[in-house]
Amino acid sequence: MHIYKVKDYKELSRKAANIVSAQIILKPDSVLGLATGSTPIGIYKQLIEWYKKKDLDFNDVKSVNLDEYKGLSPENKQSYHYFMNENLFRHVNIKPENTNLPDGMADDALSECNRFNKVIEQLGGIDLQILGLGHNGHIGFNEPGDTFVKGTHCVALTKSTLEANARLFEAGETVPEYAFTMGIKTIMLAKKILLVVSGSDKAKILSEVLTGPITPQVPASILQMHTDFTVIADSQAAELIDEKNINEKF
Ligand code: F6R
């Protein structure tokens, strides 16, 4: 596990973008695992800037996203598809056919999960997976529970997620109740994992994730088992990490 404690969100974004950029330079046809949410926005901004300066080329890059709301089309402003287009895809030369998200409009959830698993498998797996961290320790939409779910699955959103989302939707818009998400096994099979965490409201959960027991009640705690796991946390998010408690013995 490599932990980088950085000053602030700006430094976090720059350091994470450096890692993503190195990945693309070393392997131009990399399969990037992408996340939505507020934390990666700064990374995407930095990557766009470097692309515009011709320091980065996305021509051969492929991407898979962690999750998508069930029932939302790519044109829906609340969809993760829309988010990715707005925050990264339409600003760089990644080929639209090389970007992959679960299809929120798929009628048959089970076949959509199977399709998405196959897409990842056929791409040869994920080279570098970017992850944000939920306040309850979730990664993707893998919420706390009794077991780790392996592959892509469709989840009922928890009450707290529904409440958190409700404020983002305008009156009259349907707040999705279900979402597709990559499973924990798929995430763990990524060759490299990069977890980015910002803000004091994530400090407690981040210390649990890194130094607490590995349990499906804190889904991100499984990342302790990954052999190439990097965390970038700003000083506020990192303030409760006690590195003496990070057990590298096993
Ligand atoms: C997004 C995702 C979520 C977020 C997490 C943190 O695709 O899978 O797990 O990464 O909820 O979100 P932010 O970065 O908004 O705090």
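Buried, in this tour, means a relative accessible area under 20%, exposed means over 50%, and partly exposed covers the values in between. The structure on screen is a predicted model, and each stop below gives a selection to make and then describes what is found there.

**Stop one: a pair within helix α4**

Select Glu112 and Arg115, whose side chains meet in a salt bridge with 2.8 Å from N to O. Both residues lie in helix α4, three residues apart, which is about one turn of the helix. Colouring by accessibility separates the two partners: Glu112 has a relative accessible area of 7%, and because buried means under 20%, Glu112 counts as buried, whereas Arg115, at 35%, counts as partly exposed.

**Stop two: salt bridges between distant parts of the chain**

The pair just visited can be set against a total of nine salt bridges in the structure. Select next Asp127 and Lys27, which form a salt bridge whose closest N and O atoms are 2.9 Å apart. Asp127 lies in the loop between α4 (109-122) and β6 (128-131), while Lys27 lies in the loop between α1 (9-26) and β2 (31-34), so this pair ties together parts that are 100 residues apart in sequence. Asp127 is buried at 5% relative accessibility, and Lys27 is partly exposed at 33%. If Asp29 and Lys191 are added to the selection, the view shows a network of salt bridges that links Lys27, Asp29, Asp127 and Lys191.

Then move to Asp228 and Lys192, another salt bridge, in which the closest N and O atoms are 3.9 Å apart. This pair also links distant parts of the chain, with Asp228 in the loop between α7 (203-211) and β10 (229-234) and Lys192 in strand β9 (residues 192-197), 36 residues apart. Asp228 is partly exposed at 26% relative accessibility, and Lys192 is partly exposed at 34%.

**Stop three: the largest pocket**

Which residues are the closest to the centre of the largest pocket? The space in this pocket comes to about 980 Å³, and of the 35 residues that line it, those closest to the centre are Gly37, Ser38, Tyr80, His138 and Asn165, which makes these five a convenient selection for centring the view. To see the surrounding elements, show β4 (67-69), α3 (80-87) and α5 (159-166), the elements that give two or more residues to the lining. The largest share of the lining, four residues, comes from α5. Coloured by residue class, the lining divides into twelve nonpolar, 17 polar and six charged residues.

**Stop four: the nonpolar cores**

Select Val20 and Leu47, the residues with the most contacts inside the largest nonpolar core, which has 36 residues. The elements that contribute two or more residues to this core are α1, β2, α2 (41-52), α3, β6 and β9. With neighbours within four places in sequence set aside, Leu47 is in contact with Ala17, Val20, Ser21, Leu56 and Phe58. Apart from this core lies another, of 34 residues, among them Leu131, Ala190, Val209 and Phe229.

**Stop five: two buried strand residues**

Select Ala179, which lies in strand β8 (residues 178-181) and is buried, with a relative accessible area of 0%. The C-alpha atom of Ala179 is separated by 7.0 Å from that of Asp67, although the two residues are 112 residues apart along the chain. Not counting residues up to four places away in sequence, Ala179 touches Glu68, Tyr69, Lys70, Phe141, His153, Cys154, Val155 and Leu157.

Continue to Ser63, found in strand β3 (residues 62-65); is Ser63 buried or exposed? At 0% relative accessibility, Ser63 counts as buried. Leaving aside neighbours within four places in sequence, the contacts of Ser63 are with Leu32, Leu34, Phe89, Ile94, Asn98, Thr99 and Asn100.

**Last stop: a loop residue with positive phi**

Finish at Lys54, in the loop between α2 and β3. Lys54 has a positive phi of about 65° although it is not a glycine, and at 74% relative accessibility Lys54 counts as exposed.

Definitions and conventions
Residues are numbered from 1 along each chain as its sequence is written. This is a predicted model: local features need pLDDT of at least 70, side-chain atom pairs count only at pLDDT 80 or more; totals for chains, interfaces and linings use all residues. Side-chain values use heavy atoms; hydrogens and water are left out. A salt bridge is a side-chain nitrogen of Lys or Arg within 4 Å of a carboxyl oxygen of Asp or Glu. Buried means under 20% relative accessible area, exposed over 50%, partly exposed in between (1.4 Å probe, protein chains only). On a 1 Å grid over the protein atoms alone, a cavity is a set of points where a 1.4 Å probe fits but cannot get out, and a pocket is an open set with protein on both sides within 12 Å along at least five of seven lines; lining residues have an atom within 4 Å of a point. Grid points are joined across faces, edges and corners, and a volume is the space filled by probe spheres set on the points. Ala, Val, Leu, Ile, Met, Phe, Trp, Tyr, Cys and Pro count as nonpolar, Asp, Glu, Lys and Arg as charged, and the others, Gly among them, as polar. A nonpolar core is a set of buried Ala, Val, Leu, Ile, Met, Phe, Trp, Tyr and Cys residues joined through side-chain atoms within 4.5 Å. Contact means heavy atoms within 4.5 Å.
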